[in-house]
Amino acid sequence: MTRSKSFRCTALCGALSLVLYAPLAVQAEETPAAPAAPAAAQDQGQAQTAQPKKDDAAKDKNELDKVVVTGSRIKRSQAEGPAPVTVLTGEQMKKQGFATVYEAVRSLTEAIGSVQNDYDWGQSAVNGKPLNLRNLGPGRSLLLINGHRVADYPMPYQGKSNFSNYNNIPTGVVERIEVLTGSASAIYGSDAMAGVVNVILKKNVSGHTLRAKWGEATRGGRRDLDLEASGGFSGNKWNLIYDLQHYDRGQLLAKDRPFMDAEDDKNYATWGPGERHFGVATLTPYPGLYLRDRDAPANPTGRTYIAPPPGACDQYGSLYYLANRLSYDRNTGTAGNGGQYCAQRVFANWALRTGSKNDSVYLRGTYDFNDNLEGWAALGYWKTTGAFNTFLDGFSSPVYWDPRANNGTGGNRSFLKFQSPGELGGEKNVLTLSREVSIDFSAGLKGRMADHFDWEASVGRATYTDNESYPTLNQGQMFDYYMGPQLGTAANGNPIYQPDYNKLWNPVPASATAPFSKRGENKARSWLNQAQFVVSGDLFKGWAGPIGFAGVLDYGKQGYTLTPDPKVLNADVDGWYTPFGNVMQGGGSRSHYGAGVELKVPVVKTLTVDLAGRYDKYQAVRNGAKPTYQIGIEWRPIQSLLFRGTYGTSFRAPDMHFIYAKPSSSISDFTDYNHCYQAGWPNRQCPRDTFLADNVTVDRTGAPDLNYETGKSMSYGFVWDAFKNFSVSADIWDARIKNIIDDISPDQLLLDDAYCKYHWTPDGTTRAAQPTGTWCGEVASRIFRDASGNVTRIVVNPINRAETHVRGIDMNVRYDLPKTRIGKFGFSAGWTNMTTYESRQFPTDALQNTRTTQNPTYKFTTTVNWTYNRWNATLMMYQKSGGRNNRWGGCQPFSDGYVPSPQENCTDYDSASPTFKQSTSYVWSHRPARRYFNGSVGYQFNDNLKINVYGSNLLNKIYGDQWCGDFAYCIDDPVGRELAAEVVYHF
């Protein structure tokens, strides 16, 4: 196995080498190009790597202004360094049809990993949008604004860890975004494992600009309004810029997409025998209202319902519909009907895309004290309100005795009622609202000393608050309202009630539900104080050129608090219900300091070595301090060709919530594999219903003794400015992270418990590596059993346990065509292919390459930009792999919809089956690639007025999976085409 991996790398490297060294045979006859810095690059209307460009004036490169490019604090005149940097300007972002910073950076080919969806149940990061560079996970890339860290999003990602939010950065104030991929901890410290995203805001603005933009999704359900005023003032020694922006984006609910708002929207290919027999998409639609006869004899459906009164379901509009509970035995052809009830279009009120209202203010001013000293200060204020929803909540009664049943002879009953939005006061009252405020203030001094060194000293404070308001129902009061008083106890032991069934079948007024329907209020806050001193310049002139130097001293202190609503803290069956499944509590603070040094050493005229080292120390980490280093090489055999490479170490300090999470509890069911083994492993299976660990209390808490996550990464490739206005680059990258922190799952603990005791696994396999005695002791200490051996409690917390290794290749091409009679055209393309994704959850597991199961495995973008007199236009194509379909490795169904088992080679061995000993084929197909087109057209009427039209997903594509079933999990992008028009007035 190891040898084959090595061979694949060697073959890939060899193929790349042919491309790398081919240019050496080419002798350029034209004047060598002068590389341009990305800050000064012309706007090509497309994202681009910071590649060299031909300079029309053929300036000598030493005449160019030196700038700082993300990835180093040493100023340089060349756009490219040892590691690739992608640059996306604010104007490019708009021209490509992106409405937010998050949408723009997510489209970059390097952002190849997936993140939590808007519609995931129980997610509490309503407005939070993290980025997953290199598929190494959110939180393992560093977000900077103007080179400074930002406060963490206050709500934990998936209830576990902290992350940076890309969704609250106003687009109007963005000058450019620089994205460095690969480890950069030796430059920037913690979190820079997969890369660094540096959002650089505007620092100089001439005049004033008013901008108004309005758009909507052509399929409906989502509207955008974007208003902005920006400008600048200046005097002899001072400068002040401002940006005011209001952005309102409507939410998208599943009912706005009728093709995905209910269970009956699933593809016919997934219909089973019973569904095809009856001609319905599901035999047991999700319930909304039902009354169940608990005395009825058993029927094939497992339940018997009492039919609703005529028209009962229709009273709730399109939310409920009359349905039958059906069953079908394909072996005998026997059909069953358990009665009628009001089924629910369960997904109708789910938010496919969260809505938000955003208001922001940004101010930045400078003052020149003298030629060598400048002061600056910047203030950003961002206020956001987001809206989100998933399941409706309701009331489920216990089994009770109703004396009125069966014409007065009495009977056992139970019922269910989901509360419709109207019964709770309207749709707004079933939404989770997240009200966020982020304030970022920084100030500093910068200047020049000893005629050799530039320096900057800065301080900053950032705060981020989130007040989350959500619907919650009081279970006890709701019980009293629907059940009424208990009238005694029946002979069979069930309580006696006489509920008012009008409350079940008919909509109840909001005034009636008000006493038990309230809003819960969770509060979260994070903050960051930081100070930094940077000095850079040339130490002295070496034998091949000046020795570049940069040094940095950092200090920071960060903290967070999670304060849930007190009324949901008590796990009381008669208390208030929370829709998040668990109540998150926690809080703490820690200090950090770091020091780093960089050197840029020209070895010979064509070869430069970049060296960096850094020392960081965070409080509340078991292994204290963490040194990191980085080595880079730049070789320019000819001026238009750069060979480059980097190797470096990286780290990530444990997330605050991993350390400071307070104890929280939840109740869940699991499979007790220990009991399964003791029972003799019947039929080599461990069905949960047979070996059920019922109502187990799961306690989760933080862990104060975690270690740093550690990583290593490398990249090597080339940039070739092949001829005038044409550049091509290719880079191979490789990154490995160890000691990844995550929770231990209760199910994994139960599996390990059985293996530690019996060296046995439920699937009959032998583990590649045996768990240590220490780990087995740890497992035993976390599982609690009663006197009969039943699991009662499991304790989980985060530990350093996992490892991930990724490898891939990036390629970029850019070509600006010569000017023609019909205008000027520019072209660019980028491609990232993740060739390896290896991971293991525990050190004792084998490292497995699951690249083929990841999605996407590649991304590709291409952009064409056109300008002609007063016109400009941009067309962008964004494509990502479709991945394996949902039934990959499974079997095709028979004609009646029955799907045989892949473990039986897709052959039906049921002797009573109508397809006995018949076979189908395996399913090995992939979903088609997801391809989207964005674009814009603009016309400059005069020096003051410009009109722009923007479009995203211009072909209105909705990509699904025929084997997936229903709802958004099967849809790549449910929004469809969005169009917008913009008026820009500059004065």
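1. A disulfide is a pair of cysteine sulfur atoms within 2.5 Å. Cys-313 and Cys-342 meet that condition, with their sulfur atoms 2.0 Å apart. The model discussed here is a predicted one, and it holds 4 disulfides. Three of them are taken up in the points below, beginning with this pair.

2. The Cys-313 and Cys-342 link is left-handed, because the torsion about its S-S bond is about -90 degrees. The two cysteines are 29 residues apart and belong to distant parts of the chain. Cys-313 sits in the loop between β11 (287-293) and β12 (320-329), while Cys-342 is part of strand β13 (residues 334-344). Where the cut-off for buried is under 20% relative accessible area, Cys-313 is buried at 4%. Cys-342 is buried as well, with 0% relative accessibility.

3. Cys-676 and Cys-686 are also joined by a disulfide, with an S to S distance of 2.0 Å. The angle about the S-S bond is -80 degrees, and the link of Cys-676 and Cys-686 is left-handed. Cys-676 belongs to helix α11 (residues 673-678), and Cys-686 to the loop between α11 and β29 (692-700). The two are 10 residues apart, and the pair is counted as linking distant parts of the chain. Cys-676 is buried at 0% relative accessibility, and Cys-686 is buried at 16%.

4. A further disulfide is formed by Cys-756 and Cys-776, whose sulfur atoms are 2.1 Å apart. The link is left-handed, with -85 degrees about the S-S bond. Cys-756 lies in helix α12 (residues 746-758) and Cys-776 in helix α13 (residues 773-782), so the disulfide ties together parts that are 20 residues apart in sequence. Is each cysteine of this pair buried or partly exposed? Cys-756 has 22% relative accessibility and counts as partly exposed, whereas Cys-776, at 19%, counts as buried. The cut-off for buried is under 20%, so the two values fall on opposite sides of it.

5. On packing, a general remark first: in soluble globular proteins, nonpolar side chains tend to be buried together. The largest nonpolar core in this model has 43 residues. Which of its members touch the most other members? They are Met-93, Val-174, Ile-177, Val-197 and Val-199. Beyond its neighbours within four places in sequence, Val-199 is in contact with Val-174 and Ile-177, and also with Leu-143, Leu-144, Ile-145, Asn-146, Ile-169 and Arg-176. A second core, separate from this one, has 34 residues, including Tyr-290, Leu-319, Ala-343 and Tyr-501.

6. Asn-165 is a polar residue worth a look. Its place is in the loop between β4 (148-149) and β5 (174-181), and Asn-165 is buried, with 3% relative accessibility. What does the side chain of Asn-165 reach? A polar atom of this side chain lies 2.8 Å from the backbone nitrogen of Lys-129. The side chain of Asn-165 also reaches the backbone nitrogen of Asn-167, at 2.9 Å. With neighbours within four places in sequence left aside, the contacts of Asn-165 are Asn-127, Gly-128, Lys-129, Leu-143, Tyr-153, Glu-436 and Tyr-464. Leu-143 is thus listed among the contacts of Asn-165 and among those of Val-199.

7. Next, the internal space. Rolling a probe the size of a water molecule over the atoms shows where empty space is left. How many cavities of 30 Å³ or more does a search of the whole structure find? The search finds 12, and the largest cavity holds about 570 Å³ of space. Its lining is made up of 44 residues; Leu-142, Arg-149, Val-150, Asp-191 and Tyr-618 lie nearest the centre of the cavity. The elements that contribute two or more residues to this lining are β3 (141-145), β4, β22 (517-541), β23 (546-563) and β24 (586-604).

8. Last, Val-205, which is found in the loop between β6 (195-201) and β7 (208-217). Val-205 is partly exposed, with a relative accessible area of 23%. Apart from residues up to four places away in sequence, Val-205 touches Gly-231, Gly-232 and Ile-241. Val-205 and Thr-710 are separated by 505 residues in sequence, and their C-alpha atoms are 42 Å apart in space.

Key
Residues are numbered from 1 along each chain as its sequence is written. This is a predicted model: local features need pLDDT of at least 70, side-chain atom pairs count only at pLDDT 80 or more; totals for chains, interfaces and linings use all residues. Side-chain values use heavy atoms; hydrogens and water are left out. A nonpolar core is a set of buried Ala, Val, Leu, Ile, Met, Phe, Trp, Tyr and Cys residues joined through side-chain atoms within 4.5 Å. Buried means under 20% relative accessible area, exposed over 50%, partly exposed in between (1.4 Å probe, protein chains only). Contact means heavy atoms within 4.5 Å. Helices (H or I, at least four residues) and strands (E, at least two) are DSSP runs, numbered from the N terminus. A polar contact is a pair of N or O atoms within 3.5 Å; within protein, one must be able to donate a hydrogen and the other to accept it, and residues adjacent in sequence count only if both atoms are side-chain atoms. On a 1 Å grid over the protein atoms alone, a cavity is a set of points where a 1.4 Å probe fits but cannot get out, and a pocket is an open set with protein on both sides within 12 Å along at least five of seven lines; lining residues have an atom within 4 Å of a point. Grid points are joined across faces, edges and corners, and a volume is the space filled by probe spheres set on the points.
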